Structures are given as structure tokens and as C-alpha cells.
Amino acid sequence: MKVFLIGFMGAGKTTFGKKLAKNLNYPFFDLDHLIEEITGGTVGEYFATHGEIKFRELEKDILQTHPFPENYVLSTGGGAPCFHDNMDWMNKNGQTIYLQLSPKALATRLENAKEQRPLIKDLKGDDLIKFIEERLEARDIHYKKAHFIVDGLNVHPEIIANLISKN
Ligand code: S3P
């Protein structure tokens with residue numbers, strides 16, 4: 001089975017993904033890290049050199065054509081479900097889990113973790129919250145297509161593992 005974790009930047013997809021993969025005894029992958037391995041640079045560098053449109057093409061290609069094993073847990077970047085046909089593709093090919101958090105909770109987490117995130121690295125305080133609120137509103141339509149929507153502040157790997165293996 002393929003398990004996809006989706007949600008906004010700072011939702012905890014990578015941290016939770018690792019725990020879930022361990023629980024399911026599946027290998028864990030992180031889409032941004034794969035992009036960095038393949039390009040040999042950071043996501044920030046890729047954005048700066050090639051721009052967001054090219055980044056979204058690469059992100060889609062890796063998500064949909066990388067030679068992953070049969071079973072795996074993949075944490076996706078916050079924008080991945082919102083570009084191309086990625087969300088429908090993930091829903092068709094595996095189980096999708098949306099880690100949902102409020103803009104305020106996301107802002108608190110992101111305030112100290114912005115450097116490697118090109119979309120927010122220059123924002124702070126009210127500007128950061130405003131950006132998150134607007135982006136989240138636009139992205140929610142995609143995120144809410146997930147098979148499971150869970151509270152990102154109160155999520156347990158064993159409960160999610162149980163939920164998806166029954167599906
Ligand atoms: C992005 C989220 C990032 C990364 C890129 C763009 C986004 O991933 O893919 O900076 O558009 O929300 P994380 O959600 O892992 O921070």
C-alpha cells in the first residue's frame with residue numbers, strides 16, 4: 001500500500017510520516033528530500049534558479065514516476081496536492097491523510113523554521129499569519145479531498161495505521 005501524508009508547511013508531515021512508516025513497517029520517503037537528492041541542491045535553491053513552475057513539474061514527475069517500492073509512506077511538500085493532477089493521482093493510487101492545523105498553530109511552528117522554505121522565508125508576525133490564512137483557504141479544496149482528515153496536533157501513528165489497514 002502507498003500512504004501519502006499531505007498538509008500545509010509546518011503540519012508535521014515528515015515527523016509523523018517517519019513514525020507511521022515505522023508502525024506499518026514500511027519504508028519512509030520525503031518528497032522534498034528526494035527532490036534535493038535528485039537535483040543535488042536545496043528546494044530553496046531550485047526555486048531561486050528555476051522558479052516555482054519548474055519546481056511543480058519536477059515535484060509531479062518524482063511523485064508519479066519515481067521507482068518507489070510497492071509499499072511506502074511518503075510525506076509530500078505542502079503544495080504538492082494543489083498542482084497538476086497530484087491529489088487525484090494520490091487518491092487513486094493509495095491512501096491519503098491530511099494533517100490539519102489552524103493557521104495560528106502553523107504560524108507558531110513556522111516562525112522558527114522558515115529559512116529552507118522559499119515561500120515564507122521573508123515573512124514574519126502578522127504577515128506570516130495572513131499568508132498562511134490565505135494560502136490555506138485556497139489549498140483546502142485540494143487537501144479536503146483526502147481519504148482521512150486528522151487533527152495534526154493530536155495524531156497517533158498506531159490509530160492511523162489501524163485506520164488505513166482496514167481500508
Ligand atoms: C511548499 C512546501 C515545502 C516545499 C516548498 C513549497 C509549499 O514543503 O515543497 O518549499 O508550496 O507549501 P513542506 O510542506 O515540507 O515545508
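In which sense do strand β2 and β3 pair, and over how many bridges? Strand β2, residues 28-30, and β3 pair in the parallel sense over three bridges. Two strands count as paired if DSSP finds at least two bridges between them. Helices (H or I, at least four residues) and strands (E, at least two) are DSSP runs, numbered from the N terminus.

Before I continue, a note on the basis of these statements. This is a predicted model, in which local features need pLDDT of at least 70 and side-chain atom pairs count only at pLDDT 80 or more, while totals for chains, interfaces and linings use all residues. Residues are numbered from 1 along each chain as its sequence is written, and side-chain values use heavy atoms, with hydrogens and water left out.

I begin with the strands. Within the pairing of β2 and β3, Phe28 stands opposite Val73 in β3. Val73 in β3 also has Val3 opposite. β1 and β3 pair in the parallel sense over four bridges, and Leu5 has Ser75 of β3 as bridge partner. β1 likewise pairs with β4, in the parallel sense and over four bridges. There, Val3 stands opposite Gln95 in β4 and Leu5 stands opposite Ile97 in β4. β4 in turn is joined by four bridges to strand β5, residues 148-151, and the two run parallel. The bridge partner of Ile97 in β5 is Phe148.

How enclosed are these strands? I use buried for under 20% relative accessible area, exposed for over 50%, and partly exposed for values in between, with a 1.4 Å probe and protein chains only. Four of the five residues of β1 are buried, so β1 is largely enclosed by the rest of the structure. The same reasoning applies to β4: five of its six residues are buried, so β4 is largely enclosed by the rest of the structure. In β3, Tyr72 and Leu74 point one way, Val73 and Ser75 point the other way, and all are buried.

I turn to the core. In soluble globular proteins, nonpolar side chains tend to be buried together. A nonpolar core here is a set of buried Ala, Val, Leu, Ile, Met, Phe, Trp, Tyr and Cys residues joined through side-chain atoms within 4.5 Å. The largest such core has 52 residues, of which Val3, Phe8, Leu20, Leu24, Val73, Ile97 and Ile132 touch the most other members. The largest share of this core, five residues, comes from α7. A contact means heavy atoms within 4.5 Å. Leaving aside residues up to four places away in sequence, Val73 touches ten-odd partners that I shall not all read out, among them Val3, Leu5, Leu20, Leu24 and Phe28.

Helix α5, residues 86-93, comes next. Asn86, Met87, Trp89, Met90 and Asn91 are buried in this helix. Against which elements do the buried residues of α5 pack? They pack against β1 (2-6), α4 (52-65), β4 (95-100) and α7 (125-143).

In the loop between β3 (72-75) and α5 we find Ala80. Its relative accessibility is 0%, and therefore Ala80 counts as buried. Ala80 touches Leu31, Arg56, Glu59 and Asn86, not counting residues up to four places away in sequence. Ala80 and Leu31 are 49 residues apart in sequence, with their C-alpha atoms 8.9 Å apart in space.

Now the ligand. A residue is near a molecule if one of its heavy atoms lies within 4 Å of it. The ligand is surrounded by 13 residues, the closest being Lys13, Asp32, Arg56, Arg117 and Arg139. A polar contact is a pair of N or O atoms within 3.5 Å; within protein, one must be able to donate a hydrogen and the other to accept it, and residues adjacent in sequence count only if both atoms are side-chain atoms. A backbone N or O atom of Gly78 lies 2.8 Å from a ligand oxygen atom. For Asp32, a polar side-chain atom lies 2.7 Å from an oxygen atom of the ligand. An N or O atom in the side chain of Arg117 is also 2.7 Å from an oxygen atom of the ligand. The protein covers 95% of the 390 Å² of accessible area that the ligand has on its own.

Finally, Arg109, in helix α6, residues 103-110. Is Arg109 buried, exposed or partly exposed? Arg109 is partly exposed, because its relative accessible area is 36%. The side chain of Arg109 reaches the backbone oxygen of Ala11 at 3.3 Å.

Terms used. Accessible areas come from the Shrake-Rupley method with a 1.4 Å probe; for residues, only the protein chains shown count as cover.
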